[in-house]
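Q: I would like to learn how to read the contact between two chains and the charged pairs within them. Where do we begin?

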There are 2 protein chains.
Amino acid sequence: MDAISSNLEQPIDARILRTHRDILGAVMHVLLDEGFDAVTHPHVARVAGYSKATVYAHWPERIDLIRDAFARFADVTHHQPTGTLRDDLIGELKAFCSVITDHHLDRVLAILAERAHSVPEVAEIRDRFVAEGERPLRELLAGHVRGDRLEAATLMCSGTIIHSALMHGHTPGNNIIEYTVDTVLAGIESNR
Amino acid sequence: MDAISSNLEQPIDARILRTHRDILGAVMHVLLDEGFDAVTHPHVARVAGYSKATVYAHWPERIDLIRDAFARFADVTHHQPTGTLRDDLIGELKAFCSVITDHHLDRVLAILAERAHSVPEVAEIRDRFVAEGERPLRELLAGHVRGDRLEAATLMCSGTIIHSALMHGHTPGNNIIEYTVDTVLAGIESNR
């Protein structure tokens with residue numbers, strides 16, 4: 001802490017924030033490029049250009065590093081709601097596809113899903129990450145369906161994107177996204 | 001081959017079939033219990049109780065072992081169609097959930113999805129495995145929707161199950177499956 005507080009040019013918070021950003025960015029890089037097992041304190045420190053001591057000081061356990069990297073990654077761009085349900089659902093699903101394309105969200109999710117089976121802490125990280133990612137979609141739908149119907153509608157929307165990306169190897173085209181949303185809306189309508 | 005043909009008590013085919021079954025079963029066990037990287041000729045031979053030479057003789061490359069294990073695993077039980085679309089879609093999605101619960105299909109798919117990004121041969125295995133698994137669902141829907149609408153309906157049905165299993169950590173309940181199917185049917189109806 002002395003080394004940090006002696007640098008009076010820059011506020012402490014900014015330095016810590018930068019350290020966090022660099023190290024958690026390195027965690028996500030290592031995870032995507034080399035896989036789950038490569039995320040170790042020494043390797044992350046090397047990739048980020050910090051000392052092992054710094055990494056250990058901020059994140060004593062390996063799972064803390066991974067948890068915080070996902071918390072930071074969860075802060076992605078969502079669609080800005082317009083108030084028109086169809087447009088907003090289509091916009092949110094397209095935003096979901098963009099994060100997959102631009103930030104490899106599909107690989108990140110595949111890694112979480114694969115490890116969640118054997119590491120309970122990873123299941124918790126996945127659950128929080130997925131709940132946070134689905135929140136805007138769920139809120140859009142919650143005005144129109146409730147309970148298990150809300151759950152089904154959310155799963156159908158998210159599932160079309162995730163299943164296409166993870167199991168077919170590509171995000172769905174705009175036509176597919178629009179048909180998915182129109183189907184969900186037809187389901188809502190038929191239940192009125 | 002001499003050792004095999006000298007055993008006149010048992011037809012050659014039955015012995016080869018048993019060897020295949022044992023070794024490919026071991027591949028799937030190792031994959032599920034220890035992960036993708038643990039699937040090596042020596043380790044699979046040890047787990048299956050055969051010599052390394054036998055495993056190499058049948059499957060010269062590691063990817064051949066994995067490909068054949070998935071081809072064997074793909075031969076799972078599907079729903080027996082009754083001719084009623086709603087019942088058959090619900091039956092097929094419930095059968096899908098049963099394979100996840102009984103045979104860890106979700107873990108198998110997570111492993112494939114995770115590795116498909118870095119190993120092109122795994123992407124091919126996944127694509128074939130997923131296409132084969134989705135075939136009955138796609139055939140049920142193909143009498144009622146075509147083109148991108150068929151693709152969207154297939155993705156919504158499969159996606160509800162896969163997204164729930166991989167991202168929420170459990171297969172969806174029967175209510176959710178029925179709402180999903182009713183939504184897809186409402187979408188088909190609204191497009192007539």
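The dialogue below takes up the interface, the symmetry and then the salt bridges.

Q: What kind of model is this?

A: This is a predicted model. Residues are counted from 1 along each chain.

Q: How is the size of an interface read, and how much area do chain B and chain A bury between them?

A: The size of an interface is often given as the accessible area lost when the parts come together. Here chain B and chain A bury about 3,500 Å² between them, and 72% of that area lies on carbon and sulfur atoms. In chain B, the residues that lose the most area to chain A are Leu155(B), Met156(B) and Met167(B); together they make up 19% of what that side buries.

Q: How many residues does each chain bring to the contact?

A: Chain B gives 40 residues, and chain A gives 40 residues.

Q: How many salt bridges and polar contacts cross between chain B and chain A?

A: The count of salt bridges between the two chains is 0. Polar contacts are present: 10 residue pairs across the interface, both residues at pLDDT 80 or more.

Q: Which helices of chain B supply the side that touches chain A?

A: Four are to be noted, each with at least two residues on that side: H7 (105-116), H8 (120-142), H9 (147-167) and H10 (174-190) of chain B. The largest share comes from H9(B), with 15 residues. Sorted by class, the side of chain B that touches chain A has 17 nonpolar, 13 polar and 10 charged residues.

Q: How is chain B laid on chain A?

A: A turn of 180° with a shift of 0.0 Å along the axis lays chain B on chain A, with an RMSD of 0.0 Å. That is why the relation is the one of a two-fold axis.

Q: Which residue of chain B comes closest to the rotation axis?

A: Gly159(B) does, with its C-alpha at 1.9 Å. The same surface serves both copies, since 100% of the contact residues of chain B recur in chain A.

Q: Now the charged pairs. What is the general idea, and how many salt bridges does the structure hold over all chains?

A: Side chains of opposite charge can pair when their charged atoms come close. Over all chains, the structure holds 22 salt bridges.

Q: Which residue forms a salt bridge with Arg86(A)?

A: The partner is Asp182(A), and the closest N and O atoms are 2.7 Å apart. This pair links distant parts of the chain, 96 residues apart: Arg86(A) is in helix H6 (residues 85-103) of chain A, and Asp182(A) is in helix H10 (residues 174-190) of chain A.

Q: Are Arg86(A) and Asp182(A) buried or exposed?

A: Arg86(A) has a relative accessible area of 31%, so it is partly exposed. Asp182(A), at 27% relative accessibility, also counts as partly exposed.

Q: What separates Arg135(A) and Glu139(A) along helix H8 of chain A?

A: About one helical turn, because they are 4 residues apart in helix H8 (residues 120-142) of chain A. Their side chains meet in a salt bridge, 3.3 Å from N to O. Arg135(A) is partly exposed, with a relative accessible area of 37%.

Q: What does Arg21(B) pair with?

A: Arg21(B) forms a salt bridge with Asp22(B), the closest N and O atoms being 3.2 Å apart. Arg21(B) is partly exposed at 45% relative accessibility, and Asp22(B) is partly exposed at 24%.

Q: Which residues are linked in a network of salt bridges?

A: One such network joins Asp37(A), Glu114(A) and Arg115(A).

Technical notes:
Chains lettered and ligands numbered in written order. Predicted model: local features only at pLDDT ≥ 70, side-chain atom pairs only at ≥ 80, totals over all residues. Heavy atoms only, no water. Contact = heavy atoms within 4.5 Å. Buried area = accessible area lost by both parts, 1.4 Å probe. Salt bridge = Lys/Arg side-chain N within 4 Å of Asp/Glu carboxyl O. Polar contact = N/O pair within 3.5 Å; in protein donor to acceptor, adjacent residues only side chain to side chain. Nonpolar A, V, L, I, M, F, W, Y, C, P; charged D, E, K, R; others polar. Least-squares fit on C-alpha atoms with pLDDT ≥ 70 in both. Buried < 20%, exposed > 50% of the residue type's maximum accessible area, 1.4 Å probe, protein only.
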